[in-house]
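Got the coordinates loaded? Here is an informal walk through the fold, starting inside and working outwards.

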Amino acid sequence: MTPFTYERADSPAGAASAASRVEGAKFIAGGTNLLDLMKLQIETPAHLIDVNNLGLDKIEPTPEGGLRIGASVRNTALAADERVRRDYGLLSRALLAGASGQLRNKATTAGNLLQRTRCPYFYDTNMPCNKREPGSGCSAIGGFTRQLAVIGVSDACIATHPSDMAVAMRALDATVETVADDGSARRIPIADFYRLPGDTPHIETVLQPGELITAVTRPSRPAALRSTARCATAPPTPSRSSPSRPSSSPTVRGASLSAAWRTGRGASRLRRPRCRAGQRPSPPNCWRAPSRRMRTHSR
């Protein structure tokens with residue numbers, strides 16, 4: 001592991017300011033993804049800023065009737081929260097579908113949104129990868145691509161987005177709250193939070209250097225409207241260039257998620273999205289409208 005320095009921030013603005021002062025600084029909370037990447041020399045931050053003690057670990061109601069989820073709320077706590085289970089079942093189930101109980105106990109809301117892709121070529125430092133080393137090329141194109149993206153890709157990258165929670169947040173119209181190094185705050189609709197790869201796949205979100213996520217807010221939903229989710233994974237279809245093999249993740253990449261919005265009268269509408277086959281989290285039917293403008297990769 002490359003040597004690095006460490007500090008504990010005492011305020012969100014202070015954390016953002018510290019990150020802007022040191023080139024290559026990274027925030028750390030649960031560290032479930034970052035520490036693995038540091039061990040593999042994929043991430044080599046010069047400075048780590050601990051953001052665990054900033055008071056961002058609360059789930060609070062908003063004046064509009066929604067929920068404000070602190071950036072440091074652990075995935076286990078969020079999935080088990082009575083209000084989330086009752087009003088946003090899609091979010092609770094998405095969290096429980098990912099990783100193990102031990103990882104959910106440490107992983108945070110902000111860290112879940114910002115986790116890096118699980119593309120095997122990204123993790124293999126012997127292979128070119130534009131996400132890991134911009135301009136080096138994409139080994140996945142022409143390689144074993146059965147579990148990689150088919151929607152919203154580019155000639156520079158065909159990796160999938162890794163977060164189950166982000167898919168649910170996108171379907172539920174969440175908003176990401178951030179603070180910058182000068183103390184200014186902004187609210188980013190999660191629909192605008194992630195970037196498509198284009199020629200810069202290593203830039204995955206619209207966050208500016210040093211900008212810190214402080215919370216994710218969920219708008220209110222009518223009392224009679226509840227969300228649930230059912231994951232249906234089709235049998236794997238091996239490509240001609242690779243044998244059939246199990247997924248390297250607890251959730252199958254490219255799985256089909258059926259989201260059902262149920263009304264108080266018991267009626268439901270089922271919509272089948274391609275939520276895990278693309279570069280950014282995709283809720284029900286979210287790729288339908290822009291599909292003509294999105295590039296798909298033939299495999």
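Start with L91: leaving aside residues up to four places away in sequence, L91 touches I69, L78, V84, M165, A168, M169 and L172. Keep in mind that this is a predicted model.

L91 sits in the largest nonpolar core, which has 42 residues. I49, L78, L91, L113, M169, I190 and F193 are the members that touch the most others in that core. Which elements give two or more residues to this core? They are α1 (12-21), β5 (67-70), α3 (75-80), α5 (89-96), α7 (109-114), α9 (164-171), β6 (175-179) and β8 (212-218). The largest share comes from α9, with 5 residues. Apart from this core lies another one of 13 residues, including L37, A140, A149 and A159. As a general backdrop, nonpolar side chains in soluble globular proteins tend to be buried together.

Back to the helix that carries L91. How many of the 8 residues of α5 are buried? The count is 6, so α5 is mostly covered by the under-20% cut-off on relative accessible area. The buried ones are G89, L90, L91, S92, A94 and L95.

Now zoom out to the whole chain. The protein chain has 9 helices and 11 strands. Of its 299 residues, 49% are buried. If you look at contacts between residues at least 6 apart in sequence, 64% of them join residues at least 24 apart. The exposed area of the protein chain is about 14800 Å², and carbon and sulfur atoms supply 50% of that.

Next, the rings. The structure holds 2 aromatic pairs, and a pair of this kind is described by the distance of the centres and the angle of the planes. Here they are:

| Aromatic pair | Centre to centre | Angle between planes | Geometry |
|---|---|---|---|
| F122 and Y123 | 5.6 Å | 80° | edge-to-face |
| F193 and Y194 | 5.0 Å | 90° | edge-to-face |

Why do these pairs count as edge-to-face? Because the label applies to planes over 60 degrees apart, and the angles are 80° for F122 and Y123 and 90° for F193 and Y194. How covered are the partners? F122 is buried, with a relative accessible area of 1%, whereas Y123 counts as partly exposed at 23%. In the other pair, F193 and Y194 are both buried. F193 has already come up as one of the residues touching the most other members of the largest nonpolar core.

What about empty space? Rolling a probe the size of a water molecule over the atoms shows where it is left. Searching the whole structure turns up 2 cavities of 30 Å³ or more. The largest cavity has a volume of about 80 Å³. Its lining consists of 15 residues, and C119, C129, C138, A140 and C157 lie nearest its centre. A140 is worth a second glance, since the 13-residue core also includes it.

That leaves some spots in loops. Which backbone angle stands out at A99? Phi of A99 is near 60°, a positive value in a residue other than glycine. A99 has its place in the loop between α5 and α6 (101-106), and with a relative accessible area of 37% it is partly exposed. S100 lies in that loop between α5 and α6 too, and is partly exposed at 30% relative accessibility. The C-alpha atoms of S100 and T76 are separated by 9.9 Å, with the two positions 24 residues apart along the chain counted as their spacing.

D173 also has a positive phi of about 60° although it is not a glycine. You'll find D173 in the loop between α9 and β6, where it is partly exposed with a relative accessible area of 49%.

Finally, look at S220, found in the loop between β8 and β9 (226-232). At 37% relative accessibility, S220 falls in the partly exposed class. How far apart are S220 and T62 in sequence and in space? They are 158 residues apart in sequence and 8.5 Å apart in space, C-alpha to C-alpha. Not counting residues up to four places away in sequence, S220 touches E64, G65, G66 and Y88.

Methods: Residues numbered from 1 in each chain as written. Predicted model: local features only at pLDDT ≥ 70, side-chain atom pairs only at ≥ 80, totals over all residues. Heavy atoms only, no water. Helix = DSSP H or I, 4+ residues; strand = E, 2+ residues; numbered from the N terminus. Buried < 20%, exposed > 50% of the residue type's maximum accessible area, 1.4 Å probe, protein only. Contact = heavy atoms within 4.5 Å. Areas by Shrake-Rupley, 256 points an atom, 1.4 Å probe, with all protein chains shown as cover. Core = buried A, V, L, I, M, F, W, Y, C linked by side-chain atoms within 4.5 Å. Phe/Tyr/Trp six-rings, centres within 6.5 Å; stacked < 30°, edge-to-face > 60°. 1 Å grid on protein atoms, 1.4 Å probe; cavity = no way out; pocket = protein on both sides within 12 Å on 5 of 7 lines; lining within 4 Å. Points joined across faces, edges and corners; volume = space filled by probe spheres on them.
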